[in-house]
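Student: I'd like to practise turning definitions into conclusions. Could we go through a structure together?

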Amino acid sequence: MTTHDYDLRLRGGRVFLHDTGLTDADLLVRDGRIAGIVDRDVPAEAAETVDLRGATVLPGAIDPHVHLGKDIRVPRDREDAERETASAVAGGVTSMLVYLMSSEPYEQVHRAAREAMESGAHTDFGFHFVLGTDDHVRAVPAYVRELGVASFKFFMNFRGDEGAYLGMPGNDDGFMYDLLGTTADAGAMVNPHPENIEIVWRLRERPRDESQGALHAWHLSRPPLVEAEAEQRVAYLAAATGASAYAVHTSSAAGLDAMRMQRSAYPNLFVETCTHYLTLTTAAECGTYGKVNPPLRPREDQEALWAGIADGSVDTVGSDHNSRHRSFKEKDIWSASAGFPGTGVLLPLTLGEGLRRGVPLARLVDATSTRSAKLFGLYPRKGTIRVGSDADLVVVDLEGETAITAERQHSAAEYTPWEGTTAPARIVHTLVRGHFAVRDGKLDTERPQGAYLHREHSGAAALAAVEKEEL
Ligand SMILES: [Zn+2]
């Protein structure tokens, strides 16, 4: 029997390193971790050597915003886990953070969801909990300590029975105030869904203007001010309570400006946008497949969000993936369900389109991987290529392209709003802890081996830990 010093050598790639950018180097992998970053002429015995022929090697993408399960509340079985994470790894995502949604205490929900994921996830995964009851808020310290969940979503738009369709109770700003204070003390973070639903209710009573198409009409029914006002409010209360707040799925220039303004006075505010706000507009040809909350916006908003990626005022890009089946979408804009699958296009589209627009690669790597790792307590295990980190890697052909079709997205949703479009980048291999989840573009259907990510902190507490570690 031959023994080798390393399990794998990735030869001849251009590797993204935080200090030096794209660097000619070979990567050595042992026991799922990066064990060496060496020059090409350095001898090292590996069980397998794969020639990357000059392709680009980036830290695996981290999708910080995913919904799983047929009811988009909780993944319950192998299929819920397998198909959507297949979509993710095929697109270069190696870790995802999944929102669990329940009005029950989370101990039981968490165990069942974790088991479902462990039965078939291709990516590593952690959870955010959606909180809606006072019992939930009281349990936050235990959720962090015992379950390893340190980020909590709050739907600001669930007033009255607005959230009943998802089994979530109505809430108000008083609840949010308590939640912010409690999470701050626990080293955790609140991920608000910022929309002022009371204004939406008023606008709903006005005559509908569909003169510029269905997606534009949906945008007018939930305009950017609805998002921007809610972001102002949660940011103000976060500052007042010393909390960290992470505005999910920021869709508009007004929303981004609101967060920029608040952040200039108080640092622990963070901004996520989504692939679809960066690459689709109200003029997209996807019809009601593109219905989502917040809505797709006109081109000016898209340009503002790209500027935010370039200057760092957008922290992360998530997919807000959900696999709601196409039968719920093939209706008129007012009765179609909101949301669609997107984890599989997050990296190819953000990276490809970002580079085409001249956004520096370092900013794109940060927004699709490193920043999420840092904000959600996964760094430096995830989000970077360095010795000791997990060998979560995506090998990309930046000269290639990806034709986007529902079939290649693997999702149970069976459609994609990007159908027939092309991403200017091609995923060659995706490695999760040194294992080829995707090799030469082909998914390993035999051995999905995603593992649970227990997280100790998020937001300011997580960033403080990163700083301490880097001293
Ligand atoms: Zn979401």
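Student: How many helices and strands does the protein chain have?
Tutor: The protein chain has 15 helices and 19 strands, where helices (H or I, at least four residues) and strands (E, at least two) are DSSP runs numbered from the N terminus. This is a predicted model, in which local features need pLDDT of at least 70 and side-chain atom pairs pLDDT 80 or more, while totals for chains, interfaces and linings use all residues. Residues are numbered from 1 along each chain as its sequence is written, and side-chain values use heavy atoms, leaving out hydrogens and water.

Student: What makes the protein chain as compact as a globular protein of that length?
Tutor: Its radius of gyration, taken over C-alpha atoms, is 21 Å, close to the 23 Å that the globule rule gives for 471 residues, so the description fits. That rule is 2.2 Å times the number of residues to the power 0.38.

Student: Why is H67 called buried?
Tutor: Buried means under 20% relative accessible area, exposed over 50%, and partly exposed in between (1.4 Å probe, protein chains only). H67 has 4% relative accessibility, so it counts as buried. D320, at 9%, counts as buried too.

Student: Which residues are the protein donors of the zinc ion?
Tutor: They are H65 (NE2), H67 (NE2) and D320 (OD), 2.0 to 2.1 Å from the ion. Donors are N, O and S atoms within 2.8 Å of the metal (3.2 Å for Na, K and Ca); water is not among the atoms, so sites may look incomplete.

Student: Why does the pair H67 and D320 tie together distant parts of the sequence?
Tutor: H67 lies in strand β6 (residues 61-67) and D320 in the loop between β13 (316-318) and α12 (346-356), so the pair joins parts 253 residues apart in sequence.
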